[in-house]
Amino acid sequence: QVQLVESGGGLVQPGGSLRLSCAASGNIFNTNTMGWYRQTPGKQRELVATISTDKRTSYADSVKGRFTISKESADAKITVYLQMNSLKREDTAVYYCYGKWRLDPRDYWGQGTQVTVSS
């Protein structure tokens with residue numbers, strides 16, 4: 001079992017920045033892929049960014065050059081960050097942390113954190 005706990009959402013003006021955090025704990029010691037998805041009402045959840053065990057990253061085209069995903073491991077936890085710069089109104093969504101671990105058939109999700117970009 002893995003637990004994902006998110007933090008860092010909020011209200012920001014267009015052009016501003018926010019950093020989201022996701023702390024993973026539990027059975028986290030296999031190779032894995034973690035990342036962030038987002039969802040707006042009436043739309044499917046969409047991939048924002050991922051990062052692998054060896055820190056390879058991938059991004060949705062809509063956030064390339066503005067968002068950066070990173071991670072660190074310490075004290076039996078993995079923390080994944082999403083640094084969001086130059087935010088646009090269309091980035092407004094609920095952001096979900098995601099994790100998938102080798103040899104575990106389950107997909108893990110955080111509880112979601114609201115990001116609102118508005119003046």
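Trp101 is buried, and Tyr108 is buried as well. This holds in a predicted model. The two rings form an edge-to-face pair, because their planes meet at 80°, over the 60 degrees required, with the centres 6.1 Å apart.

Four aromatic pairs were found in a search of the whole structure. Another of them joins Tyr37 and Tyr98. Here the ring centres are 5.5 Å apart and the planes stand at 65°, so this pair is also edge-to-face. The contact links distant parts of the chain. Tyr37 belongs to strand β4 (residues 32-39), whereas Tyr98 belongs to strand β9 (residues 93-101). The separation in sequence is 61 residues. Tyr98 has a relative accessible area of 12% and is therefore buried. Tyr37 and Tyr98 form one aromatic cluster together with Trp109.

Trp109 also takes part in a contact with a charged residue. Arg45 lies over the face of Trp109, 4.6 Å from the ring centre. The charged end of Arg45 also sits over the ring of Tyr96, at 3.7 Å from the centre.

Arg45 is, in addition, the nearest side chain of opposite charge to Glu6, at a distance of 7.6 Å. Glu6 is buried but has no salt bridge. This residue lies in strand β1 (residues 2-7). Its side chain reaches two backbone nitrogens: that of Gly112 at 2.9 Å and that of Thr113 at 3.2 Å. Residues touched by Glu6 include Cys22, Trp36, Tyr96, Cys97 and Gln111.

Seven salt bridges are present in the structure. One of them pairs Arg66 with Asp91, with the closest N and O atoms 2.7 Å apart. This bridge, too, links distant parts of the chain. Arg66 is in the loop between β6 (57-59) and β7 (67-74). Asp91 is in the loop between β8 (77-84) and β9, and the partners are 25 residues apart. Arg66 is buried, with a relative accessible area of 10%. Asp91 is buried at 0%. Both residues belong to a network of salt bridges that also links Arg38 and Glu46.

Other bridges involve residues with greater exposure than the 20% limit for burial. Arg56 bridges to Asp54, the closest N and O atoms being 3.1 Å apart. Arg56 has 58% relative accessibility and so counts as exposed. Asp107 and Lys100 meet in a salt bridge at 3.5 Å, N to O. Asp107 is partly exposed, at a relative accessible area of 44%. Lys100 is partly exposed at 26%.

Note on methods: Residues are numbered from 1 along each chain as its sequence is written. This is a predicted model: local features need pLDDT of at least 70, side-chain atom pairs count only at pLDDT 80 or more; totals for chains, interfaces and linings use all residues. Side-chain values use heavy atoms; hydrogens and water are left out. Helices (H or I, at least four residues) and strands (E, at least two) are DSSP runs, numbered from the N terminus. Buried means under 20% relative accessible area, exposed over 50%, partly exposed in between (1.4 Å probe, protein chains only). Lys and Arg count as positive and Asp and Glu as negative; His and the chain ends are not counted. A salt bridge is a side-chain nitrogen of Lys or Arg within 4 Å of a carboxyl oxygen of Asp or Glu. A polar contact is a pair of N or O atoms within 3.5 Å; within protein, one must be able to donate a hydrogen and the other to accept it, and residues adjacent in sequence count only if both atoms are side-chain atoms. Contact means heavy atoms within 4.5 Å. Rings of Phe, Tyr and Trp (its six-membered ring) pair if their centres lie within 6.5 Å; planes under 30 degrees apart count as stacked, over 60 as edge-to-face and the rest as tilted. A charge sits over a ring if NZ of Lys or CZ of Arg is within 6 Å of the ring centre and within 35 degrees of the ring normal. Lists of a residue's contacts leave out its neighbours within four places in sequence.
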